[in-house]
Amino acid sequence: MTEHGHLPADDFIWLEDTHGPEPLEWVRRQNARTEARLVDGDFRRLEEDILGVLDSEDRIPSVTKRGGYYYNFWRDRRNSRGLWRRTSWAGYLADSPEWEVLLDVDALAADEGIDWVYAGAQFLRPADGTSYRRALLRLSPDGGDAVRIREFDVEERAFVPGGFDIPAAKSRCSWLDGDSLLLGTDYGPGSMTGSSYPRTSRILRRGAALAEAEPYFEIPGDHLLAQAVHDPTPGFERELAVDVIDFFNARTYLRRGGDWLPIDVPTDVEVGLHRQWLTLRPQTDWQPAEETFPAGSLLAIGLEDFLAGSRDLAVLFPPDANTSLQSWSWTAGYLLLNLLQDVSSRILVLDPAAGWAAEELDACPPLHSVEAYAVDEEDGDDYWLVATGFLTPSTLSRGTIGGPATEVKQSPSFFDAAAYSVEQHFAVSADGTKVPYFQIGPRDLEYDGGNPTLLAGYGGFEVSRTPAYSGVTGRAWLQRRDEAGRRGVYVLANIRGGGEYGPGWHRAALQAHRHRSYEDFAAVARDLVDRGVASRDCLGCAGGSNGGLLVGNMLAGYPDLFGAVSCGVPLLDMARYTQLSAGSSWIAEYGDPADPAQWEFIRTFSPYHLLEAGADYPDTLIWTATSDDRVGPAQARKMAARMLGLGVENVWFHEALEGGHAGASDNRQAARLQALSHAFLWRALTN
């Protein structure tokens, strides 16, 4: 038995020793077995085809504006670990911009003998707001979530001698001033939560040792994360702290008079501060005074008015049954709202100076995803507009509020989109809920149940899956042909647990209601069969992380619906997930197996425990990464080992030796994993 007597025994717990010699030897044997089956000439051609997409130098280089420069991180065939670089606006507009390389991560890795993976940069805001020079670079030694933080001088293009240098940990950091950081990191015993994130945020002065950092903010160890940040906005400089209780509950504090003043709202109300404004988004219906605001609303009030006791909240966005708020972004004078209406984009521009008057931005074609966000909230009212669709390569435009946006860059096309069409359909789930899904397939599709079809989904953490162009999907699935000449069909399901229809869509599949996500996905699979798109033998599904749990439940609970399953970096053992890597941080999503009452519903969606001897399971590929410190490789290992132990011969396992939760730390590794999944599914569904 495990340490909790109500949980089942586990014969494969030895595989949880991530770097143990016996588990790694098992991994090597399984990798060799899988590669012997999949890696051939056709596989290598597919891998190179995918790598050509990932390494394409015609991709849009996404940029972040800081002062007068536009910063970008870039990987390609020559720079597998990447370049951190910058250019001017005039330079960026050129067809082939001239970039100033600030850091060559490949060269750094070679010089220091560490396989560094770039994970972002955080600038110190200069007093004049323009001459950005110092940055904190986040570098992972293996592609995992733990990063080393090092101070960098962009003018010298070098790390600052004697500058800030924080050892690798799942740290949270903010500049307090030029010589001080607000730092949450591993300070030793008691400084990290049970979820492996910082429990304290302390002030680290330049030149001081970690042990000398001054206590500033602290939370209970059974909460998820503590973070304190400095807001450097001129005229609104302040410190904020957040006690992240779990994924969906947090308490925000404002530093006043040497103390932490809580923003007095329920913990499931998302809090935002911008200059004088306080924005609030409740996850459940909220009645702060006489009026009740529905879940998913966006509300605003002056911060000082709220602190003085006013609850006269302006409603910036009222949700309806078909429309949800996905994100928002401030320019200097306006607020941009990105909405979804039946999983197609809408954008509103709100003017706080005109009583929050709203106008719709006419930039969103049907069945596409379009996002607007500020170029630089401190420097005018310019915004970026990124538009994409399943058959439409991404475009980047720039506009100013009140005027049209002008296209700046366009991604290349990697397959002949003219041969395909995009359709949206709605399946009916077990409880009668209509579940939308997108179908991308040949215009001349035959509805006789014989098309190789890949069904994807996620269904968790209020994450929305929206239309997006993928050259990899186009090349590796849509344009391939089986022996009968049929091309692939790709389907994306917008199941409950996601955020496509706001927090209610998410909460409908939380914890004891998790089965609704899986019923929704199964309903889409059945609808594809009923409509003649596919049959069981040519219908496969794929998912990663929480999506790996999704397809793991298809494997264990709905094996009659699918001919093949690709399950990546997954949660699968829901009895022990809270004891592995960052698992305890997801209790709010799935429940706590240590509680016998909660285990009663958790066990119904724990694929590791739903496996049965003698069942007719579809062909299965389970893949993960040794360096994944978020989910960890143990769950994938144990699932494959248990299936093999039950005599299931058509299960295959592969583990990348680095790459973190993404499974890859450079484009070559990413191409290998994508090729493994697609080649496996295509072979299983067409032979």
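This passage describes the overall form of a predicted protein model and then several of its helices and loop residues. In this predicted model, local features require pLDDT of at least 70 and side-chain atom pairs count only at pLDDT 80 or more, whereas totals for chains, interfaces and linings use all residues. Residues are numbered from 1 along each chain as its sequence is written, and side-chain values rest on heavy atoms, with hydrogens and water left out.

The protein contains 14 helices and 37 strands; helices (H or I, at least four residues) and strands (E, at least two) are DSSP runs, numbered from the N terminus. For 687 residues, a compact globule would be expected to have a radius of gyration near 26 Å, and the value of 25 Å for the protein agrees with this. The radius is taken over C-alpha atoms, and the globule rule is 2.2 Å times the number of residues to the power 0.38. Along the principal axes, the C-alpha atoms fill a box of roughly 65 × 60 × 55 Å.

Of the 687 residues, 57% count as buried; buried means under 20% relative accessible area, exposed over 50%, and partly exposed in between, with a 1.4 Å probe and protein chains only. The accessible surface comes to about 26700 Å², and 47% of this surface belongs to carbon and sulfur atoms. These areas come from the Shrake-Rupley method with a 1.4 Å probe. Among contacts (heavy atoms within 4.5 Å) with a separation of 6 or more, 57% are between residues 24 or more positions apart.

Two helices were examined for their span and burial. Helix α9 (residues 546-557) has 12 residues and reaches 16 Å from its first C-alpha to its last, close to the expected 16 Å; the expected span is 1.5 Å times one less than the number of residues. Because 11 of its 12 residues are buried, α9 is largely enclosed by the rest of the structure. The buried residues of α9 include Asn 546, Leu 549, Leu 550 and Met 554.

Helix α13 (residues 634-645) also has 12 residues, and the distance of 16 Å between its end C-alpha atoms agrees with the span of 16 Å expected at 1.5 Å a residue. Nine of the 12 residues of α13 are buried, so this helix is largely enclosed by the rest of the structure. Among the buried residues are Arg 637, Lys 638 and Met 643. Their cover includes α1 (21-38), α9, α12 (607-610), β36 (619-625) and β37 (651-656). Just after α13, Gly 647 takes a positive phi of about 85°.

Two residues other than glycine with positive phi lie in the loop between β35 (564-568) and α10 (587-590). Val 569 has a phi near 30° and is buried, with a relative accessible area of 4%. Ser 581 has a phi of about 50° and counts as partly exposed, at 36% relative accessibility.

Pro 318 is placed in the loop between β21 (314-317) and β22 (323-330). This proline is exposed, with a relative accessible area of 53%. Its C-alpha atom is separated by 32 Å from that of Pro 393, 75 residues away along the chain.

Gln 598 is found in helix α11 (residues 596-602). Leaving aside neighbours within four places in sequence, Gln 598 is in contact with Gln 511, Gly 591 and Asp 592. Gln 598 and Ile 13 are 585 residues apart in sequence, and their C-alpha atoms are 22 Å apart in space.
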